[in-house]
Structures are given as structure tokens and as C-alpha cells.
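Q: Hi! I have a structure open and would like to talk it through, starting simple. Can you help?
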Amino acid sequence: MDNVFLERIVAALLAGVGVTVEVTVGAMAVAVVIGLGLATVDFLAKARIVHALIRIYVEALRNIPSLTFLFLLYFGLAAVGIRLSSMVAAVLGLGLIGGAVAVDIFRSGLHSVPAGQKEAAASIGLTPFAAFRLIVLPQGLRLSLPSLGNYAVGLVKDTSLVAAIAAPEVMFSARQLVNETFETGLIYGCTALVYLALTTAVAGSLSFAERKLETP
Amino acid sequence: MMFFDTILANIGDWLPRMLTSLRTTLVLTVGAFCLAFMLALLLEYLRSRRLRAARLAARLYIALARGVPILVILYLIYFALPGAGMTLSSQLSAVIGLALVYAAYLAEVFRAGLDAVPAGQREAALSSGLTPIQTFRLILLPQAVRHTIAPLVINLVSLLKDSSIAALIAVPELTLVSREIMSESFLPLQVFTLTAVLYFLLAWPASLVARAIEQRLRYPSARTSSSKSLNQLKEAQASA
């Protein structure tokens, strides 16, 4: 065991960390936009068909494995002429699944705001949309934060799956290095530590944000 | 439509193979869940001990298992253990790996269930002369169980989904076999749509059951929180 080899492991894993962070941030952004958008529509819309459509999206994507969905996007769409790069497929795939999770998170956050808040806002003359934007949304977002944090930690771990569609993230670099050096235990052990550091950092920063935003 | 025609034309060829691999998926899921359940009970027992080292070890284990992706753990077991002189088949590696991870999740479920029983229940039971074991068996456990059933079913569903990761260490379960069928037929969209439908048909009913249990078993106090019931009333009126 020499230092040159250790340096090589660190360099390979760090290169992967960049991609893992990119995929995580990208998928998180897609998930939050979809989740918040659909949860808002679900909260404000009266039409039954709208609720039903959102429900179908959520149930469909929450009940199939991420890996299957990634294969469907990456290999399936290529077959019908839509060729996504592995990075785009990774961000889009994890983001769409995350969106389904995030809709439920934001929805329950918004519904946890006491009904009196909405009623009081309406009684002082705010329009339903203004009441939503100024009163319900800020409180609902704060209530959603802990669940969103759990989801983010899960997302960091799920990015390891995109190695299967050849996005060059941590797991992919680790596997390549193993193929070259056969130092299986050491490399995958280091990989585990890298993921542990990433998930701990995400969990820590989210609970910090939670404390900052806590209502007195 | 072309898309469904292609699926229908090939279903006689694909479905038998998929169903065979589905059996592997189910064996993996059920095996890992049972093992995880027992491990989780052990973890929870360790965590409830007065012994500091035991508590610390259990908490460390749970933090590790929850912070590392399942794929990494499967790779460690399947590819790295042979280096230490222990070679496991891919199936066994998958069951053990999934169980090790889910033990940590289930331990949290058990803990949440026990925590949800008000402290007064335990104090009242002890003060009425029940032994600690009787208190646990007769008072705490029955109340805790109702809080754990729904999360257990939800974990079972996500374990079913995560069993697809075993494809990456060459366990011939549904996802791997679908990939094989894909590379023979060059019809990835149709093949993986069928795969997704199969997973969905298994997972969705279970999720619905979990949600139904959750609503049924909610404590009366939680069920009739005034603002919520007012909302439900309004919704019912609006939809009527």
C-alpha cells in the first residue's frame, strides 16, 4: 500500500463527487419545482380531474423502482429516437421520481397549516391566491422542510444508481478503479465513507436550516 | 397503436420469463424483510439497554446503514468480502445486504412506535404493580404495534423496489432479466414499460393498504382534531 495508490483513489472519488453533487442538485431542483408546482395546483384547484391526474403521476412514479425508471428513460427513449445523455437521463429520472415524492411532502405541509390561518386571511379580505401566497405557503414550506431533508439524504444515496446508466459519478469512478487495480475492499470502503460524508453534510445543513427557520 | 401491438405480440415470450424472475424478486424481498425484522428487534433491544456501549454500537450501526447507498453495501459484500476469504453467492449477498440496510430503517420504525405511546401509560402500569416485562407485554407493545404496522408495510414496498438494485450484482431478478430481454429484442421501451407495470401491480396495492391502515388506526384524539374535521366537512360538502 503506497501513497501514490491512495492518492489515485482519492482523485478518482473526488472527480466522482463533483458529478454526484451535480446530479443531486439537478434532480433536487427538478423535484422541488415539480413538487411545489403540483402541490400548489392541488391545493388551489377545484376540478376533480386535476386532483386525479396529480394522484396518478404520484402513484405511478412512487411505486416503480428508480433503477427500472432510469432504464426506461435512458434505453427506452433512445429506442424511439429521443437520445438523452446519461447525465440528463439521470437528473430527469431522479427528478421526476423526486417530484412525485415532493408533491406529497409539500401537500401535507400545506394541509398542516391550521385552517384558521386561511380563514382569517380570507376574512381580512385577501383573495384566495393572495392568502395562499402570503399566509399558507410560507408556513407550509417550513413544515415541509424536515421531510424534504429526509428525501434529500435519500436522493444522495439514489444517485449511486445512475452508475448503471454510465453517468461518471462516485460509484462509477470507484468501479472503474476497481477494474484497473482489483483493490475491491479498500476502494469500496472509501466509497462508503465518501457517501457517508455527503449524506451527513446534507442532513446537517438541512437540520441547521430547520433550526434557523423555527418559529419562536 | 404500434407500441401496444408490439407488447401484445411479444407478451407470450416475455411474460413467462419475467414472472419467473419476479419469483426471485419476491424471495429476495421477503427473505430480506424477515431477516431485517429480526435484526431490527435486536438493534432496538440493544438500544434500550442501560449499557452505554451497546446503545452506542446500535446507534452507530444505524447511522452507518442509513448513510451509505445500498449499492455500495451490496458491492462490499459481493465483491470485497471474497478478498477477505468469504465468498457468497449473488443471491445471498443481496438478501444480506438489503437486510442489513433495512434493519436500520425498521429499528427506527420500532422506536417511533414505542415513543408514540404516552409515557403516562408506562408509569401508570408500573405504579399499578405490573412488572416491567408485563408492562411492556400488556401495555406498551399492543399500543406500539398499531403505530408500526403502516410504516412496516411502507418499508416492505420500498424494499421491493430496492430489490431491483440486486440486478447490479447479477441476481437474476425482474430488472436484470428485463435487461436481458431488452438486449435480445431491442425493444427497451416496451420491455421496461412492462417491467414497470409488474412492479407497480405489486407495490401499489400494498401502499394503498398501508395508507388505509394509517387512517384507521389513528388515535381518536388525532382523528377529531377540530380544524381538520371542519376541513373534511367542507370538502365533503364541496364534492357532494
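A: Happy to, and we can go from the overall fold to the chain contact and then to some single residues. Keep in mind that this is a predicted model.

Q: Okay, how many helices and strands does chain A have?
A: Chain A has 8 helices and 0 strands. Reading from the N terminus, the order is α-α-α-α-α-α-α-α.

Q: What size of box do the C-alpha atoms of chain A fill?
A: Taken along the principal axes, the box is roughly 70 × 50 × 20 Å.

Q: And how much of chain A is buried?
A: Of the 216 residues in chain A, 48% are buried. There is also a number for contacts: among those in chain A with a separation of 6 or more, 77% join residues 24 or more positions apart.

Q: Let me pick a helix. What span should helix 4 of chain A have?
A: Helix 4 of chain A covers residues 86-112, which is 27 residues, so at 1.5 Å a residue the expected span is 39 Å. The C-alpha atoms at its ends are 38 Å apart, which agrees.

Q: Is helix 4 of chain A mostly covered or mostly open?
A: Mostly covered, as 19 of the 27 residues in helix 4 of chain A are buried.

Q: Switching topic: how many residues does each chain give to the contact?
A: Chain A gives 34 residues and chain B gives 38 residues. Between them the two chains bury about 3,100 Å², with 71% of that on carbon and sulfur atoms.

Q: What about salt bridges and polar contacts between chain A and chain B?
A: The count is 1 salt bridge between the chains. For polar contacts, there are 8 residue pairs, counting those where both residues have pLDDT 80 or more.

Q: Which elements of chain A touch chain B?
A: Those giving two or more residues are helix 2 (48-62), helix 3 (66-79), helix 5 (115-123), helix 7 (170-181) and helix 8 (184-213) of chain A. Helix 8 of chain A has the largest share, with 9 residues. By type, the residues on this side of chain A are 18 nonpolar, 9 polar and 7 charged.

Q: Back to that salt bridge between chains. Which residues make it?
A: Glu59(A) and Arg211(B), with N and O 3.0 Å apart. The pair runs from helix 2 of chain A, where Glu59(A) sits, to helix 8 (residues 188-216) of chain B, where Arg211(B) sits.

Q: Are those two buried or exposed?
A: Glu59(A) counts as buried because its relative accessibility is 7%. Arg211(B) is partly exposed, since its relative accessible area is 33%.

Q: Which other residue forms a salt bridge with Glu59(A)?
A: Arg55(A) does, and there the closest N and O atoms are 3.2 Å apart. Both Arg55(A) and Glu59(A) are in helix 2 of chain A, 4 residues apart, or about one turn of the helix.

Q: Why does a spacing like that work on a helix?
A: An α-helix has 3.6 residues a turn, so residues three or four places apart point the same way.

Q: Nice. What about Arg55(A) and Asp104(A)?
A: Their side chains meet in a salt bridge too, at 3.6 Å from N to O. Asp104(A) is in helix 4 of chain A while Arg55(A) is in helix 2 of chain A, so this pair ties together parts 49 residues apart in sequence. Asp104(A) counts as buried because its relative accessibility is 17%, under the 20% cut-off. Arg55(A), at 27%, is partly exposed.

Q: Which residues are linked in the network of salt bridges?
A: The network links Asp42(A), Arg55(A), Glu59(A), Arg62(A), Asp104(A), Arg107(A) and Arg211(B). Over all chains, the count is 11 salt bridges.

Q: Last topic, a couple of single residues. Where is Thr135(B), and what does it touch?
A: Thr135(B) is in helix 6 (residues 132-162) of chain B. Thr135(B) is buried, because its relative accessible area is 2%. Leaving out residues up to four places away in sequence, Thr135(B) touches Arg122(B), Ala125(B), Leu126(B), Leu130(B) and Leu140(B).

Q: And Gly18(A), where does that lie?
A: Gly18(A) lies in helix 1 (residues 3-44) of chain A. Its relative accessibility is 33%, so Gly18(A) counts as partly exposed.

How values were computed:
Residues are numbered from 1 along each chain as its sequence is written. Chains are lettered from A and ligands numbered from 1 in the order in which they are written. Side-chain values use heavy atoms; hydrogens and water are left out. Contact means heavy atoms within 4.5 Å. Buried area is the accessible area (1.4 Å probe) that two parts lose on being put together, summed over both. A salt bridge is a side-chain nitrogen of Lys or Arg within 4 Å of a carboxyl oxygen of Asp or Glu. A polar contact is a pair of N or O atoms within 3.5 Å; within protein, one must be able to donate a hydrogen and the other to accept it, and residues adjacent in sequence count only if both atoms are side-chain atoms. Ala, Val, Leu, Ile, Met, Phe, Trp, Tyr, Cys and Pro count as nonpolar, Asp, Glu, Lys and Arg as charged, and the others, Gly among them, as polar. Buried means under 20% relative accessible area, exposed over 50%, partly exposed in between (1.4 Å probe, protein chains only). The expected span of a helix is 1.5 Å times one less than its number of residues.
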